[in-house]
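Visitor: I'd like a close look at a single part of this protein. Please start from one residue and work outward from there.

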Amino acid sequence: MTRVTHKTLQHAVETLAERDADLALIYAKHGPPPLWAREPGFPTLVHIILEQQVSLASAKAAFNRLNAAIKLTPQNFLELGDAELLTVGFSRQKTRYVRLLARSILDGFDVGELEKLDDAQVRARLTAHTGIGDWTADIYLLMALGRPDVWPVGDLALQVAYQKIKGLPERPTGEAFEAVGKDWRPLRSVAARLLWHHYLQRGEERRGRS
């Protein structure tokens, strides 16, 4: 599988359910997870940056306010002042991150070219930008590019969901969490969707990276 789509998601979920009893329980109880697909490009990267270390609801609200204020392009974003962005919901730090990204795009960084690169190359291109770390790159790979085998190790919701379904005394992080994802290769992106699905169905609000 080169891309997770509505057509391939169901089969991938069933494959994982056959391999992991706990994922099978999530599937049986809640059904298949949403695709959570996003359009590739600058706006989605801005949205993911907004999601860093905050609830998805507050990030979405800020993103909606931004889109109501301007047509979201690198040039238009750079025309907004600090006070305007603070009103929208940007911290000083995230304002700097997105401005640097916008300038990079205007200077020649082609976000569209990322679709032609492999996962490691995409991650390298994105994380070369200040404010874009592994978690942001992973979410872009998973949701915008539809890559099937991405495991966002730093995602708090994934860690908590895994802890719950496996009955662990504490949530795994870092290398330990990287290791558990290997059991679901080459469909770790779909395993992540199932875990997020479980987390949200429990009534918890998903947050970005830990």
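Where is Arg147 found?

Guide: Arg147 is found in the loop between H9 and H10. Helices here are DSSP runs of H or I with at least four residues, numbered from the N terminus. The model is predicted, so local features need pLDDT of at least 70 and side-chain atom pairs pLDDT 80 or more, while totals for chains, interfaces and linings use all residues. Residues are numbered from 1 along each chain as its sequence is written, and side-chain values use heavy atoms, with hydrogens and water left out.

Start with Arg147 itself. Arg147 is buried, with a relative accessible area of 8%. Buried means under 20% relative accessible area, exposed means over 50%, and partly exposed lies in between, with a 1.4 Å probe and protein chains only. Not counting residues up to four places away in sequence, Arg147 touches a long list of residues, including Thr2, Val4, Leu114, Glu115 and Leu117. Asp118, Asp119, Val122, Leu141, Leu142 and Ser189 are also among its contacts. A contact means heavy atoms within 4.5 Å.

Now move along that loop. Asp149 is also found between H9 and H10. Asp149 is buried, at 17% relative accessible area. Its side chain makes a polar contact with the side chain of Arg185, at 3.3 Å. Such a contact is a pair of N or O atoms within 3.5 Å; within protein, one must be able to donate a hydrogen and the other to accept it, and residues adjacent in sequence count only if both atoms are side-chain atoms. Setting aside residues up to four places away in sequence, Asp149 touches Asp119, Arg185, Pro186, Leu187, Arg188 and Ser189. Asp119 and Ser189 appear in the contact list of Arg147 too.

Follow Asp149 across to Arg185. The peptide bond from Arg185 to Pro186 is cis, with omega near 0°. Most peptide bonds are trans. Pro186 sits in the loop between H11 and H12.

Next, the helix after the Arg147 loop. Helix H10 spans 156-166. At its start, a side-chain oxygen of Asp155 reaches to within 3.2 Å of the backbone nitrogen of Ala157. H10 is mostly covered, with nine of its 11 residues buried. Leu156, Ala157, Leu158, Gln159 and Val160 are among them. So are Ala161, Tyr162, Gln163 and Ile165. What do the buried residues of H10 pack against? They pack against H2, H11 and H12. Gly167 follows H10, and its phi is positive, near 65°.

Helix H11 covers residues 174-181. Phe177, Val180 and Gly181 are buried in H11. Seen down the axis of H11, its buried residues fall within an arc of 105°, so they line one face of the helix. That arc is taken from the directions from the helix axis to the C-beta atoms. An α-helix has 3.6 residues a turn, so residues three or four places apart point the same way. The cover over the buried residues of H11 includes H10 and helix H12 (188-201).

Then there is the largest pocket. Its volume is about 210 Å³. A pocket is an open set of points on a 1 Å grid over the protein atoms alone, where a 1.4 Å probe fits, with protein on both sides within 12 Å along at least five of seven lines; lining residues have an atom within 4 Å of a point. The volume is the space filled by probe spheres set on the points, which are joined across faces, edges and corners. Of its 13 lining residues, the closest to the centre are Arg123, Asp138, Trp151, Val153 and Glu178. Helix H8 (119-127) and helix H9 (134-144) each supply at least two lining residues. H9 gives the most, with three. The lining divides into five nonpolar, one polar and seven charged residues. Charged means Asp, Glu, Lys and Arg; nonpolar means Ala, Val, Leu, Ile, Met, Phe, Trp, Tyr, Cys and Pro; the others, Gly among them, are polar.

One last stop is on H8. Ala124 is found in that helix. At 47% relative accessibility, Ala124 counts as partly exposed. Its C-alpha atom is separated by 29 Å from that of Pro33, 91 residues apart along the chain.
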